[in-house]
Amino acid sequence: MANLKIVVALIEHIGDIIACEPVVRYLKAKYPDSTITWVVSKKFRLLVDTNPFVDETIAVDCLTDWIKLSNHNAFDLVVDLHVNYRVCECCRIPLIKEHGHPFVSVYEWFDYGALLEAFSIGAGLPPLSAQPRLYVPETAKESIRALNLPKEYCVIHRSSNSLIKDWDDKKWLELVTHIKEKQGLPVVEIGAGTSDVSPLEGNVVNLINKTTLFETAAVIAGARFFLGIDSGPAHMANAQEIPGIILLGRHASFRKYNPYTGYYASNDAGVKIVRNLVGNVVDISVNEVTRAVEYVNNAAVSGNARRPGEPIGPISTVTPHERGIVRLSGIFDEAWYRLHTPDLDGSDIDPIDHFLFTRGERSTATLPGFDSAWYLKTYPEVAATGVPPLLHYLTNSGHSRRYWQIFNTSANWTIEGEAEQVTTTSTKRRTLAGPQEGGADTTLSEALDFPTVPSKLESSKPATKTFPRTFAFYLPQFHPMPENDWAHGMGFSEWHNVTKASPLYAGHYQPKIPGELGFYDLRAAEVMKEQIDLAVQHGIDGFCFYYYYFAGQKILYKPIENYIKSDATAPFLFLWANENWSKRWDGGDQELIVAQEHSDFDDLMFIRELFETFRDSRYVKINGKPVLMVYKTHLFPNILETTDRWREEALANGFPGLYLIKAEDWIRDEEHPRVYGFDASYEIPSNLTPDNVEVDKEDAPKMVEGFTGRLIDYQKFASFHAGSRYLEKRRFRTVMLPWDNTARYGLRAIVHTNNHGDGYRNWLSQALLDSYRRSCPEERIVFLHSWNEWCEGTYLEPDGKYGRYFLNQTKAVIQNIRTAITAMESNVEPEIWLALDNAQRFKDEGAFRALKAARRESEYLWQLLHNREKLSSLSRVPAGLSKKEIRILIAFFKLKRLAVLPFKKQRRHQARKIANLRQILSQITSS
């Protein structure tokens, strides 16, 4: 594509920029005649200026400058390598991504692979995992040669800009002493810091703060091996393929991560990653690192490190017709394949010929969109034909559908407009790269001085037709069974509770009476067929069954068994309701019917029991992994050990893993799902019911005597949850129908009123759009709470009073959102989609700012009070409070409860602190 103007944005840091070097090689190979501009921080522009594949450089001060620059259509293709929600370190302004895939966020990015893989996916490119390169100028090498360093030495890098990545200085001293005495190898220390003095002084050649960026790289290039923590110099070592030992601990909520692609991600004998999976780097023992050093050193000395691969023999070419089939299919990305295949480096071999001949086995990664090894394993008869797997797939339609469903459900990597000749209204190409005349860098204002050019390539739009899927929670309790017979009397089912409910105020719709499906008995298989047919007719994809398992005993399983044995095609999944089953219906430990006993042994029995069901093609999977949801993870003795055990069993039984989802908001101060071993969480809206969604007292009906429950305005409740809290983790949205558990709790019930406005439609619309925009295609799932929880009064099934009211609303919303997404992807009325997309981003940015502002203000207040006097002894106003501090204190109580102390459940735990603060406030305002 001639004269294509591409901008790549990644402003910092050293390691990130080095790791993402393959991006520009890929783009240059794909668009040979393009002009590639890289936007980078002034501090790190040297890394970009020496790159021969970068034509121009824009040097900026901070991320905010890039945010401003990205709003101008000066380029045909924007490749924003920053992860979504990254915050400018200078201005504290968040990046709400407009280009690429927003689901690769600052909280989740390592879920998408190494640093380069995640950043490239987030930018809307195919996943890149190639060996990075570093272009060190000859002048830097000459400078290091002039230092007369020892002929043989190792390099260490001891400290980073993050303390959690650093090792202990005493351990470093012990290790350096061992290297010198046992390996006989001098040690050179590199790095930058506030002090030039090293705690290892006298044991190392100290180059701290004595070398430039490229001189540091040259020092590393001359070493026998590199030893250090996750940092910029480690990426320099990887880019130059220097044998290395890297110390890694946990990174935020990621227990195991690898920031490297290429050499340091390989199984080469010259590479050792020493990990602490349960804590920080500082807890790694000296013995572990010593063993790794000895291994790598021996590999380097013996020539077993960086061993080249076996040379490839003659390649038999394919016919022009076969080559054309592959090229026109759109599956094979020649630029990607060349980047990831060492055989093709500097070779004139046709990439398609090479791939078909080798089946891609000599590439360092699996071709996006097609896995030859998987194809041959799944269809063993193909190997006997001698036809290359990709050709067989493209020319045999019978195999295509199944393969495509499994391997083409992530992002679509085709850049829209590739086949077009891009023309612009610009008649003059400006030089953006420095040095300019007089040696000055290009300023931001000069970089923005472009005519506005409509872009022909829109990497910001999700290019996929995978719509969000909807699954309704399904309660399989509407039939008699022995445990209920014993606890409640013969023939008992959930319908007995439903029908005994009484109204709590005039006009209260109780008892709830089922509509066209009647008081069904779920032992009858035809009932389930009617239900799933009704759901599918109204746009719902399938059911999420509550799964009741107690130490080897499956209860309420007959309806699920009927579904599995049926010819129904709708997908389904399980939510393990892993609490006690009691007569009180509260999961507590009083009046037990069946107790839930979690143990290591039961963990294994539970997961093994599910594998047969997981193999059902209808069971929901994400990236081939069966999805399992768990209701109350805090009931497990050690949930992290449990999830590890489950995942190991899944792998041993032929699955690529499990996709685990936990319920939210059962415990206070809940951490990221990954901390508990889960991939994501899902919302339970009924767990979060703030006071400000209650019915106003003047509008409340007169309740029956003795009522102690709550009246909730459903329209307020729906509006509250539609806005959703700011996403700092992967969360599946849940949209709840109106709630009324009078049948369960009588005078203690929570009752939703004002149920028939636009609240449900708006909430569902927002959830579907959020899922589409924020999530990768396979994770676009929205849960509906629920299909048939009649005792809780939350159901989609038709009832005797309103019929299919909520089913019809559900169908209308799903159809509208599908139409909007289809129009967007078809480029029909793009301004409509742009308006929707802008509204979503505006909401995201507003939620982000509100959360961060509230946190900063509340944290400041707590720190202020802590510094003045211990909270436990606060009985008077701390002396010397300034007017500003008083204003902050007063403002603290004026903040919305949603922002700082969101929910009644959480506020109870902070009652003492609140009482102390109110006492201070009252004294301040009265003085």
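Lys 165 is buried in this predicted model, with a relative accessible area of 17%. That puts it under the 20% cut-off for buried. So what does its side chain meet in there? Lys 165 pairs with Asp 230 in a salt bridge, at 3.6 Å from N to O. The two come from separate stretches of the chain: Lys 165 sits in the loop between strand S5 (154–157) and helix H7 (169–183), while Asp 230 sits in the loop between strand S8 (226–229) and helix H9 (232–239), so the bridge ties together parts that are 65 residues apart in sequence. Asp 230 counts as buried too, at 7% relative accessibility.

Step along from Asp 230 and you run into helix H9, which spans 232–239. Is H9 enclosed or open? It is largely enclosed by the rest of the structure, because 8 of its 8 residues are buried. If you want to click through them, the buried residues are Gly 232, Pro 233, Ala 234, His 235, Met 236, Ala 237, Asn 238 and Ala 239. After the helix comes Glu 241, and its phi is positive, near 55 degrees.

Now for a pair with a bit more of its surface showing. Arg 523 and Asp 521 meet through their side chains in a salt bridge, with 2.5 Å from N to O. Arg 523 is partly exposed, at a relative accessible area of 45%. Asp 521 also counts as partly exposed, with 25% relative accessibility.

Next, have a look at helix H22, residues 558–565. Which side chains form a salt bridge here? Glu 561 and Lys 558 do, at 3.8 Å from N to O. Both residues lie in H22, 3 residues apart, or about one turn of the helix. That spacing makes sense: an α-helix has 3.6 residues a turn, so residues three or four places apart point the same way. As for their surroundings, Glu 561 is partly exposed, with a relative accessible area of 27%. Lys 558 is partly exposed as well, at 38%.

Salt bridges can also link up by sharing partners, and one network of that kind joins Glu 108, Asp 111, Arg 674, Arg 730 and Glu 779. How many salt bridges are there in total? With nitrogen and carboxyl oxygen within 4 Å as the rule, the count comes to 46. Among them are the buried Lys 165 pairing with Asp 230 and the Glu 561 pairing with Lys 558.

Key: Residues numbered from 1 in each chain as written. Predicted model: local features only at pLDDT ≥ 70, side-chain atom pairs only at ≥ 80, totals over all residues. Heavy atoms only, no water. Helix = DSSP H or I, 4+ residues; strand = E, 2+ residues; numbered from the N terminus. Buried < 20%, exposed > 50% of the residue type's maximum accessible area, 1.4 Å probe, protein only.
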